[in-house]
Amino acid sequence: MKNSTISYKRHRFPQQIIAHAVWLCFRFPLSLRMVEELLLERGIVVSYETIRRWGRKFGPAYAKQIRRRRPSHRDVWHLDEVVVSVAGRKYWLWRAVDQDGYVLDEIVQSRRDTKAAKQLLIRLLKKAGMPPKRIITDKLRSYGAAKRDVMPAVEHRAHKGLNNRAENSHLPLRKRERTMLGFRSACSLQRFISIFSALRNLFVTPHHKRSALATHIHRVRAMAHWKVATEELATLDAENKRLRELLAAEIHAQNAQLRKMLARF
């Protein structure tokens with residue numbers, strides 16, 4: 001999706017119901033049929049296939065509306081890769097998280113080599129705008145080779161025991177993978193994790209805020225942010241509709257004026 005401005009035109013259900021269904025799909029380990037039942041309990045009769053199409057159409061736009069914290073030069077990047085089976089074929093999901101477990105970036109690759117690791121580091125530098133304080137990886141040699149080419153001055157620690165934060169970040173995706181019975185293509189996997197991780201970054205409490213009160217405040221703010229992000233899309237849709245109507249009226253008036261001018265000759 002190239003543009004975050006999307007249209008709710010010709011949708012039978014209002015924006016609030018669509019946003020709630022997308023939130024249930026990507027925030028919790030629920031199947032589409034489970035989301036269908038939860039909506040039915042509230043008196044909303046919609047098929048699971050419609051919910052899937054809502055997630056495909058509106059999910060990327062919602063993810064773009066969510067504010068993403070830019071990494072700082074004080075951050076420590078934890079890099080790791082995990083194998084994912086897609087339609088019987090092996091792919092590698094390369095992921096980078098910071099010291100708070102915030103997902104910085106992730107990319108699906110068909111290989112596990114220096115070229116793939118280098119592509120991840122380049123994407124991270126482009127998003128962050130500055131190198132990190134240090135990077136921590138497992139003992140895969142591809143990370144060291146890629147780091148020497150992309151950011152040679154950054155400290156690199158390669159130790160399996162130090163990289164538990166990145167390895168633990170794969171667990172939520174594994175739960176969703178079992179619920180969804182796998183992924184059909186690498187493109188669908190990349191699209192899903194971009195939305196899934198954006199919502200996790202928004203709703204999951206950071207490691208330094210583990211008290212009950214801090215967790216509650218964080219969730220309230222996250223929910224408010226989510227509602228604002230989804231409502232902004234509806235506002236943009238209404239504004240675009242108004243501008244299109246004004247443009248159509250202006251074109252109609254100009255055409256009428258041209259017809260009058262041509263009728264004189």
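Trainee: What makes the residues of the lining of the second largest pocket divide as they do into nonpolar, polar and charged?
Mentor: In this predicted model, the lining divides into 11 nonpolar, six polar and seven charged residues. Take L32 and M180, which are among the residues closest to the centre of this pocket; Leu and Met count as nonpolar. R52 and R184 also belong to that closest group, and Arg counts as charged. G182 is there too, and it goes with the polar residues because Gly is counted among them.

Trainee: How do you know which residues line the second largest pocket?
Mentor: A lining residue has an atom within 4 Å of a pocket point. For this pocket of about 800 Å³, 24 residues line it.

Trainee: Which elements give two or more residues to that lining?
Mentor: They are α1 (15–27), α2 (32–41), α3 (48–65), α7 (171–180) and α8 (186–203). The largest share, six residues, comes from α3. As for domains, at least three lining residues come from each of domain 1 (13–63) and domain 2 (74–189).

Trainee: Let's turn to the sheet. Why are β3 and β5 said to stand at the edges?
Mentor: The open sheet has five strands in the order β3-β2-β1-β4-β5, with mixed pairing. β3 (103–109) and β5 (155–158) each have a single partner strand, so one side of each has no neighbour in the sheet. On average, neighbouring strands are turned by 20° against each other, direction ignored.

Trainee: How do you know that β1 and β4 pair?
Mentor: Pairing needs at least two bridges. β1 (residues 76–86) and β4 (residues 134–137) have three, in the parallel sense, so they count as a pair. Within β4, I136 stands opposite H78.

Trainee: What makes you say that helix α4 packs on the sheet?
Mentor: Helix α4 (residues 114–128) touches β1, β2 (89–97) and β3, where contact means heavy atoms within 4.5 Å. The direction of α4 makes about 145° with that of β3.

Notes:
Residues numbered from 1 in each chain as written. Predicted model: local features only at pLDDT ≥ 70, side-chain atom pairs only at ≥ 80, totals over all residues. Heavy atoms only, no water. 1 Å grid on protein atoms, 1.4 Å probe; cavity = no way out; pocket = protein on both sides within 12 Å on 5 of 7 lines; lining within 4 Å. Points joined across faces, edges and corners; volume = space filled by probe spheres on them. Helix = DSSP H or I, 4+ residues; strand = E, 2+ residues; numbered from the N terminus. Domains from an automatic or database assignment. Axes fitted to C-alpha atoms, helices over the stretch in contact; angles between N-to-C directions.
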